[in-house]
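These are my notebook entries on a structure that I went through chain by chain. I set down what I looked up and what I found.

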Amino acid sequence: MSQSPDTRRLYLDYAATCPMRLEVWRAMEAELEFSFNPASAHTLGRQAHRQLEIARGRVADLLSCDRASVYFTGGGTQSDNLAILGFSRAHDGQKPRVFVSQIEHKACTEAGARAESEGASLGIIPVDETGTIDLARLERELARDPDRPTLVSVMWANNEIGTVQPIDDVVALAHTHGAVVHTDAVQALGKVPVDLTRTPVDLLSATAHKLGGPVGIGILVCRPAVRLEPLSYGGGQERSMWPGTQNPVGATGFAAALDFAVTHQESEAERWRALRDHLESRVLADVPGARIHGRGAPSRLPHLVSVGIPACDSAAVLVSLDFEGIAVSGGSACGSDSGIGSSVVDALGGDIEAPYATVRFSFGHDTSRDDVDRAAEALARIAKRVLALAV
Amino acid sequence: MIRTTSAPARDDKILVAMSGGVDSSLSAALLAREGRSIIGVTMKTFCYSGVNGPSKTCCGLDGIADAKSVAAQLDMPHFVFDVEEDFTRDVIDDFVSEYAAGRTPIPCVRCNSFTKFRDLVTRADTLDCAWLATGHYARVYRTGSGPARLCRGVDDRKDQTYFLWGIPRSALDRLLLPVGALTKPEVREEARRLELDTAEKPESFEICFVPDNDYAGVLRRYLPENHASLSAGTFRFEDGGVAGQHDGYAHFTVGQRKGLPGGFAEPMFVIEIQPEARVVVIGPREALARSGLVAEAANWLDDVPAEREVLGVRIRHGAPIVDAKVVRADATSFEVDLLLPQEAITPGQSAVLYRGDFVVGGGVIVSSSGGANPST
């Protein structure tokens with residue numbers, strides 16, 4: 001195609017899924033011969049069970065938590081639902097309260113809405129223009145009715161704009177008021193340090209495919225003191241929290257991916273930060289009217305850049321980038337099908353009148369400075385064309 | 001952007017409107033097979049939340065998923081274009097107010113005229129697409145220098161030109177209709193041969209935002225309670241005599257037989273709706289015939305016809321094209337006399353004019369005139 005000089009695939013959508021790492025692939029491949037039911041009493045079943053427990057132990061070590069707190073689930077959404085609905089249902093009849101931030105993933109906001117429809121009260125804690133949660137507001141809400149069972153669900157880092165929440169402060173505040181803290185750490189793991197001794201959240205959700213592991217396996221960390229009602233019922237696997245035949249190969253993939261991500265977190269974060277700052281300065285210089293969402297936040301994910309372009313059509317930009325082989329997301333990958341704008345970006349306030357293009361770039365282990373330059377050049381060129389045609 | 005009436009150049013990008021049905025799926029597949037640079041778009045016209053059960057109609061969420069899956073088969077970029085706000089204003093609001101005024105609108109014409117062709121052309125520009133393709137059964141006829149002309153599809157039964165008269169001429173210049181040269185059975189067969197995921201998808205005959213054809217339900221949702229069109233009124237004969245009571249004139253359309261009082265020597269039909277008086281006029285079949293009509297909101301896709309020119313006219317989807325003599329025609333309206341009277345010329349429906357197989361233009365019928373004997 002003459003108008004697109006370079007159409008090689010350029011993947012800058014690691015926050016949607018990080019393609020499976022070779023180390024993970026190998027680790028899982030080695031386990032495939034143990035594809036037996038870990039609940040079986042025979043030798044083969046025991047071997048499968050052993051693999052599952054080895055994986056659980058590795059995950060616990062990497063997160064600095066107790067192995068008995070680690071439950072394997074089907075993924076991030078499932079873990080978020082188990083945490084929020086499981087908490088509210090376990091306290092059914094005690095007027096449970098659930099607080100979520102205004103920019104949670106839908107897995108949390110929708111689970112919160114469901115809990116509300118089942119009788120819990122749901123509170124939405126606003127964020128400032130950087131996406132950082134309003135701690136003073138959270139404190140006021142928590143102080144209001146301290147005797148009710150209360151869950152605070154605040155994501156460790158936001159998937160659309162990359163804001164890292166002051167999760168230590170959230171935990172301290174919530175615990176002072178006797179509330180339980182859940183965090184969706186799906187986007188934070190491997191990108192910022194996550195140490196559950198230092199940050200004693202009660203519940204934590206994560207998923208393997210954001211770390212270079214397989215889709216379809218996640219974890220919920222749940223401290224022993226927290227009472228949850230399971231969402232499904234069956235043969236008692238995962239201590240009845242997530243019943244159903246367990247997945248040792250998936251668990252091995254999760255552990256291998258987490259291992260790599262955590263081990264390389266510090267060095268990768270430093271490299272990504274340089275790429276992020278470079279991309280942001282190029283975008284701000286070359287794309288008319290562009291802004292970087294969450295830029296002023298005290299802490300941000302190192303590998304994610306969310307660009308907003310006022311008066312610019314979102315789909316036109318995304319499809320044009322795709323046409324040149326550059327894979328990115330709009331607000332989030334999950335919202336890409338809906339054709340509608342991002343509620344996270346709306347929550348930041350400011351003049352976000354439609355049309356408004358949101359483009360999320362996210363980096364991985366093989367993202368180079370050349371890649372970032374190519375993306376910045378393409379975005380500037382495409383945005384100028386789309387803006388020129390805006391009425 | 002270069003506007004050309006000749007065929008697309010090798011590297012021209014083409015925006016393909018994909019509803020998720022077999023026709024637009026095959027359009028995309030045929031262009032893909034030619035090695036064209038194509039981008040798929042599916043319009044999300046309104047939200048189905050609150051409507052019970054999965055939707056069988058074509059533009060809904062099922063349609064989005066099906067279009068996406070065909071786009072993946074063809075390895076083409078695909079995106080969803082949320083037009084809910086504009087669609088509601090341009091199509092649904094009009095649909096409701098037309099029924100409320102006692103007329104029988106065709107939302108598909110409005111959707112083509114506004115949503116599909118006006119808004120998609122704008123979208124094509126932002127995507128650097130010189131061309132727009134859809135799955136309509138119609139053809140675009142291009143000669144070297146002249147403007148593009150809209151021509152009936154080869155499948156007479158499927159021809160969709162009746163719904164396309166309102167599209168902007170500028171859109172016609174850039175329009176590609178890959179299935180217009182095929183019949184519906186050929187489209188199915190080719191889709192099967194290419195193993196498209198939508199090859200066996202049943203055809204949709206519903207209006208996309210009217211689930212189960214319950215258009216009165218849509219009106220009840222949008223109109224205030226006790227609106228005149230949904231309130232009790234009187235059936236009258238043409239001579240003014242009372243024939244009974246009805247539960248709202250919005251439930252009736254000219255030519256309708258169902259739901260009328262019985263007990264007459266011959267079947268009765270709706271002859272006219274008089275919204276101010278909430279009256280539905282009924283009469284025998286012969287009272288339906290009219291020999292002339294006036295149409296407004298005209299759009300011309302070819303030279304405006306001259307007075308006394310004899311053209312073909314179609315007054316309803318699926319009706320035959322019949323000869324008509326132009327009484328007058330200007331930029332915004334026209335009046336024709338029918339050489340043979342036609343039954344049930346219905347205000348709100350379209351009158352589409354043809355020169356041979358080519359669409360000259362069309363308009364929305366506002367009135368009909370003359371009885372069975374031509375008025376001029």
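**Entry 1: contacts and overall form of chain B.** I took the contacts in chain B between residues at least 6 apart in sequence and found that 66% of them join residues at least 24 apart. I note here that the model is predicted. I then looked up the secondary structure and recorded seven helices and 17 strands for chain B. The radius of gyration of chain B is 22 Å, and the globule rule gives 21 Å for 376 residues, so I describe chain B as being as compact as a globular protein of that length. For the extents, I recorded that the C-alpha trace of chain B spans about 65 × 50 × 35 Å along its principal axes. I also looked up burial: of the 376 residues in chain B, 49% are buried.

**Entry 2: confidence.** I looked up the global scores and noted ipTM 0.73 and pTM 0.82 for the model. For chain B the mean pLDDT is 89, with 93% of its residues at 70 or more. Where does pLDDT stay under 50 in chain B? I found one such stretch at residues 1–5 of chain B, where the model has ten contacts beyond four places in sequence. I found another at residues 50–59 of chain B, with 21 contacts beyond four places in sequence. I keep in mind that predicted coordinates should not be read in detail where pLDDT is low.

**Entry 3: positive phi away from glycine.** I looked up backbone angles and noted two alanines. A:Ala311 is not a glycine, yet its phi is positive, at about 65 degrees. I placed A:Ala311 in the loop of chain A that runs between β10 (304–310) and α9 (314–323). Is A:Ala311 buried or partly exposed? I count A:Ala311 as partly exposed because it has 16 C-beta neighbours inside 10 Å, and 20 or more would be needed for a buried residue.

In chain B, I found that B:Ala344 also has a positive phi, of about 55 degrees, although it is not a glycine. The loop that holds B:Ala344 lies between β15 (334–343) and β16 (350–355) of chain B. B:Ala344 has 21 C-beta neighbours inside 10 Å and therefore counts as buried.

**Entry 4: domains of chain A.** I looked up the domain assignment of chain A, which gives domain 1 (10–19 + 265–389) and domain 2 (22–263). Taken over C-alpha atoms, the centres of domain 1 and domain 2 of chain A are separated by 27 Å. To the contact, domain 1 of chain A gives 28 residues and domain 2 of chain A gives 28 residues. Which elements give two or more residues to the side of domain 1 of chain A that touches domain 2 of chain A? I recorded α8 (265–286), β10 and α10 (343–347) of chain A. The largest share of that side, three residues, comes from α10(A). By residue class, I noted that the side of domain 1 of chain A that touches domain 2 of chain A divides into 13 nonpolar, 13 polar and two charged residues.

**Entry 5: A:Ile54.** I located A:Ile54 in helix α2 (residues 43–63) of chain A. I looked up its surroundings and found 15 C-beta neighbours inside 10 Å, so A:Ile54 counts as partly exposed. I also noted that 9.9 Å separate the C-alpha atoms of A:Ile54 and A:Arg67, which lie 13 residues apart along the chain.

Conventions
Residues numbered from 1 in each chain as written. Chains lettered and ligands numbered in written order. Predicted model: local features only at pLDDT ≥ 70, side-chain atom pairs only at ≥ 80, totals over all residues. pLDDT = per-residue confidence, 0-100. Contact = placed C-beta atoms within 7 Å. Helix = DSSP H or I, 4+ residues; strand = E, 2+ residues; numbered from the N terminus. Buried ≥ 20, exposed ≤ 12 C-beta atoms within 10 Å, placed from the backbone. Domains from an automatic or database assignment. Nonpolar A, V, L, I, M, F, W, Y, C, P; charged D, E, K, R; others polar. Rg over C-alpha atoms; globule rule 2.2 N^0.38 Å.
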